[in-house]
Amino acid sequence: MRSSMYLLGIFLFCFSYWLHRSFGKPDIEQITYHMNFGVELMNTVDPAVTHRFFRWCVLAPLVFFALLCYMERRGRGVVARRSQRCRAILSRMNKWFPLLVVFSATMFWMCDVSAFKYLTSDFGPDYFAANYVPPRSVPLVAQKPKNLILIYVESLEQGYAERKVFGHDLLAPLTDLHGASFSSYEQVPGTGWTIAAVVATQCGVPLERVTLFDPNTQGQVINNFMKNAVCLPDLLAEQGYRNVFMGGASTSFAGKDKFLNQHHYHEVYGREEWIKSGVPESAMNGWGLYDGDLFSRAKTKLRELSASKQKFNLTLLTVDTHEPEGHLSASCAQRGFAGFAGVITCTAAEVADFVRYAKDNGYLEDTNIVILGDHLSRKNPLTEQLEALPDRTIFNSFISAEAPAPNRKQLLHFDLMPTILEFTGFSLADGRMGLGYSGFNAHPLQPPKDRFTDMDKSLMNHSDQYMALWSDAESDN
């Protein structure tokens, strides 16, 4: 029992250190969500992440445990030479020391990941039910619908463009596209990792805990990923669009494939599909296909989709800029890019090249392009510079032959669902859908001024209406 308590306490300290070293400040919602996928997660994550976990959360605790046992053994010899009174005091301290280690580690870890807020979320006001507008209740009117290319760029922040911080604009290739943008695209709870950002921008809802520690429903609920939600690809499919997803990483990572298949993506491509198509693993990074190779294949798919004459939504997701170090491709290195700043600029150049290809070949006549950072970056070599900025916002750019002007500066993930629909050529009577407000066109309803603060405080509170998006009430009985 004593050894077990020591190992548990040491593991919690080491686990927290590994999270900070690899991902920055840990997010309890993200941790609990990913725990739902267990071994499947380990098989699809970048091997470098797994190696660091083994080093810091398996080997390091064993080393520290051995060192602590050695110190205890040496300490007994020192205590034996003390007075009887002193030995009695030290004996009592020694008896309770393992409990102190576990208690200290547990309290530290819970404070570190804001677990107390997580545990009390069942008792706060139901923000979701009070503000959610079911997409089915909103009339969707086609004005001049266009094709959509939706590009998610891993962890891309607007702050990388700050010349005063980095010496030059790391996003210059994207800046030069001169797309319409929102200067304050901010991150709220339940949106801070890739699958959460995809869900939030396409369904207008956060990604919350659902089935952790409930083995009776976990498989069914996760496999039917938010089956009762109506999301962007669902609505586009009903309008005759063909939805295609292409990403560099494994589509099965963190349930991404389950979401895509549940919500009318007709074609899904990721690491496994690229390997089957003949791409050698030696030509990939730890996550999957390099960004340059992804966009090369996306050009081919764009030609195919355009030739079919069917409306389409081509969704792309990059990986090269993923923390903690990024992945510099051989192609980027040959062009003189180096370090993490080089990875950022090279990925920006790859995205811009794809946009120019679409423009030069006439695709923008009937196709609009949306470029989004999926979320704020976490721990990477440029984190200190980013944290020195007064505000951290997410990159966004809306490219069209006739892009409308934004109706405000602030944008949240949930706003993207109605915003993209209106940008693509549909109109929403009040501009509302999900938890979002359209960022384009004039609408009588605008986001409340205190929306960001209210979401930060209450968005992740338990909501029966939110849970109903995942499973039917009858199936739970």
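Just after helix α10, G204 adopts a positive phi of about 70°. The model in which this appears is predicted; its mean pLDDT is 88, and 86% of the residues reach 70 or more. Over residues 212-220, however, the pLDDT is below 50, and this stretch has seven contacts in the model beyond near neighbours in sequence.

The helix that precedes G204 spans residues 194-203 and is mostly covered, with ten of its ten residues buried. Among them are T194, I195, V198, V199, Q202 and C203. C203 has a relative accessible area of 1%, and a disulfide joins this residue to C231, with an S to S distance of 2.0 Å. Because C203 belongs to α10 while C231 sits in the loop between α11 (218-223) and α12 (232-238), the pair ties together parts that are 28 residues apart in sequence. The torsion about this S-S bond is about 100°, so the disulfide is right-handed. C231 is likewise buried, at 0% relative accessibility.

The whole structure contains two disulfides. The other pair is C332 and C346, whose sulfur atoms are 1.9 Å apart. Here the torsion about the S-S bond is about -80°, and the disulfide is therefore left-handed. The pair links helix α16 (residues 330-334), which holds C332, to helix α17 (residues 339-360), which holds C346; the two cysteines are 14 residues apart. Both ends are buried: C332 has a relative accessible area of 4%, and C346 is at 0%. Counting bonded cysteines along the chain, the disulfides follow the pattern 1-2, 3-4.

C14 and C57 present another case. The cysteine sulfur closest to that of C14 belongs to C57, but the separation of 6.8 Å is too far for a bond, given that a disulfide requires sulfur atoms within 2.5 Å. C57 is accordingly in no disulfide. C14 counts as buried at 7% relative accessibility, as does C57 at 5%.

A further buried site is R432, located in strand β11 (residues 432-433). R432 has no salt bridge, and the nearest side chain of opposite charge, that of D415, is 7.0 Å away. What does the side chain of R432 reach at 3.3 Å? One partner is the backbone oxygen of G434. The backbone oxygen of G436 also lies 3.3 Å from a polar atom of the R432 side chain. Leaving aside residues up to four places away in sequence, R432 touches N131, V133, V138, Y437 and L445.

Methods: Residues are numbered from 1 along each chain as its sequence is written. This is a predicted model: local features need pLDDT of at least 70, side-chain atom pairs count only at pLDDT 80 or more; totals for chains, interfaces and linings use all residues. Side-chain values use heavy atoms; hydrogens and water are left out. pLDDT is the predictor's confidence in each residue, from 0 to 100. Contact means heavy atoms within 4.5 Å. Helices (H or I, at least four residues) and strands (E, at least two) are DSSP runs, numbered from the N terminus. Buried means under 20% relative accessible area, exposed over 50%, partly exposed in between (1.4 Å probe, protein chains only). Lys and Arg count as positive and Asp and Glu as negative; His and the chain ends are not counted. A salt bridge is a side-chain nitrogen of Lys or Arg within 4 Å of a carboxyl oxygen of Asp or Glu. A polar contact is a pair of N or O atoms within 3.5 Å; within protein, one must be able to donate a hydrogen and the other to accept it, and residues adjacent in sequence count only if both atoms are side-chain atoms.
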